[in-house]
Amino acid sequence: MSERLLVLVRHGQSEWNLKNLFTGWRDPDLTALGVEEAKKAGARLKAEGYQFDIAFTSQLSRAQKTLDLALNELGQTDLPVVKDLALNERDYGDLSGLNKDDARVKWGEEQVHLWRRSYDVPPPGGESLKDTVARTLPYYVTEILPKVLQGNRVLVAAHGNSLRALIMVLEKHTPETITHRELATGAPVIYRLKADSTVESVVDLAG
């Protein structure tokens, strides 16, 4: 019987996470803590007895490095890996590289909160969460989900907002509730799917 296993992992802490900067499509490295979080993700999956057939990640190095470190802990450094722009983090446009507190001073608390937490209001020159879903979800449906339904054990290492796009479908969130779904860095979320692609069980290894 096929497992229909899908595991999502948000990348470990990045240098810009630590500095409280809007990151988006910029490409900072992991911090020392982020490296440890990525290693811990792999170690926890190994301790639970998980092995994978294929992995997907974005074109950004913090997600790719998280995946590499986790696979090293799993002893699966030769696993096939697909890297695609569709799994990139939400593009924060003109906010990219800015300190979040400085942005609040410039545009006001309410406006920055709207850009960060609304579903369909993009920052200047960037993407809303709705835009990110429109980019990421079709890729999931055409490339990732078929692998899972065929019985492949699939690991996805990506970003808070691109993973929310997948979680929106998996956990049946609305545009209102998905913005409140938090994802800890380096903490695997484990889904087992039914044959009709709905979720049979979910385990969040955060904490």
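**Group meeting: a walk through the core**

Okay, let's start in the middle: the largest nonpolar core has 28 residues, and Leu6, Leu8, Ile144 and Val156 are the ones with the most contacts inside it. By nonpolar core I mean a set of buried Ala, Val, Leu, Ile, Met, Phe, Trp, Tyr and Cys residues joined through side-chain atoms within 4.5 Å. Buried, for this talk, is under 20% relative accessible area, exposed is over 50%, and partly exposed is in between, with a 1.4 Å probe and protein chains only.

Who builds that core? At least two residues each come from strand E1 (5-10), strand E2 (54-57), helix H6 (129-149), strand E4 (154-158), helix H7 (160-170) and strand E5 (189-193). H6 gives the largest share, seven residues. There's also a second, separate core of 16 residues, and Val7, Leu45, Phe52 and Leu205 are among them. As a general point, nonpolar side chains in soluble globular proteins tend to be buried together.

Quick housekeeping. This is a predicted model, where local features need pLDDT of at least 70 and side-chain atom pairs count only at pLDDT 80 or more, while totals for chains, interfaces and linings use all residues. Residues are numbered from 1 along each chain as its sequence is written, and side-chain values use heavy atoms, with hydrogens and water left out.

Now the overall picture. The protein has seven helices and six strands, and from the N terminus the order is β-α-α-β-α-β-α-α-α-β-α-β-β. The radius of gyration is 17 Å, close to the 17 Å that the globule rule gives for 207 residues, so the protein is as compact as a globular protein of that length. That radius is taken over C-alpha atoms, and the rule is 2.2 Å times the number of residues to the power 0.38. The helices and strands are DSSP runs, numbered from the N terminus: H or I of at least four residues for a helix, E of at least two for a strand.

If you like box dimensions, the C-alpha trace spans about 55 × 35 × 30 Å along its principal axes. Buried residues make up 49% of the 207. Contact here means heavy atoms within 4.5 Å. Among contacts between residues at least 6 apart in sequence, 73% join residues at least 24 apart.

On to the surface. The accessible surface comes to about 9,400 Å², and 49% of it belongs to carbon and sulfur atoms. Those areas are from the Shrake-Rupley method with a 1.4 Å probe, and for residues only the protein chains shown count as cover.

Back inside, let's zoom in on two of those core residues. What does Val156 touch, leaving aside neighbours within four places in sequence? Val156 is in contact with Leu6, Val7, Leu8, Val9, Phe56, Leu87, Ile144 and Leu163. Ile144 sits in helix H6 and counts as buried, at 0% relative accessibility. Not counting residues up to four places away, Ile144 touches Leu6, Phe56, Leu87, Tyr139, Val154 and Val156. From Ile144 to Val82 is 62 residues in sequence and 9.9 Å in space, C-alpha to C-alpha.

Elsewhere in H6 there's Val133, which is buried at 9% relative accessibility. With neighbours within four places set aside, Val133 contacts Tyr119, Pro138, Ala165 and Met168.

Two of those partners, Ala165 and Met168, are buried residues of H7, so let's look at that helix next. H7 is mostly covered, with 10 of its 11 residues buried. The buried set isn't just greasy names on the slide: it includes Asn161, Ser162 and Arg164. What do the buried residues of H7 pack against? They pack against E1, helix H5 (109-117), H6, E4, E5 and strand E6 (199-204).

Last stop, the loops. Lys172 comes just after H7, in the loop between H7 and E5. Its phi is near 55°, a positive value in a residue other than glycine. Is Lys172 buried or exposed? Lys172 is exposed, with a relative accessible area of 65%.

Ser197, in the loop between E5 and E6, has a positive phi of about 80° although it is not a glycine. Ser197 counts as partly exposed, at 26% relative accessibility.

And one from a helix to finish: Asn72, in helix H3 (residues 61-74), is partly exposed at 48% relative accessibility.
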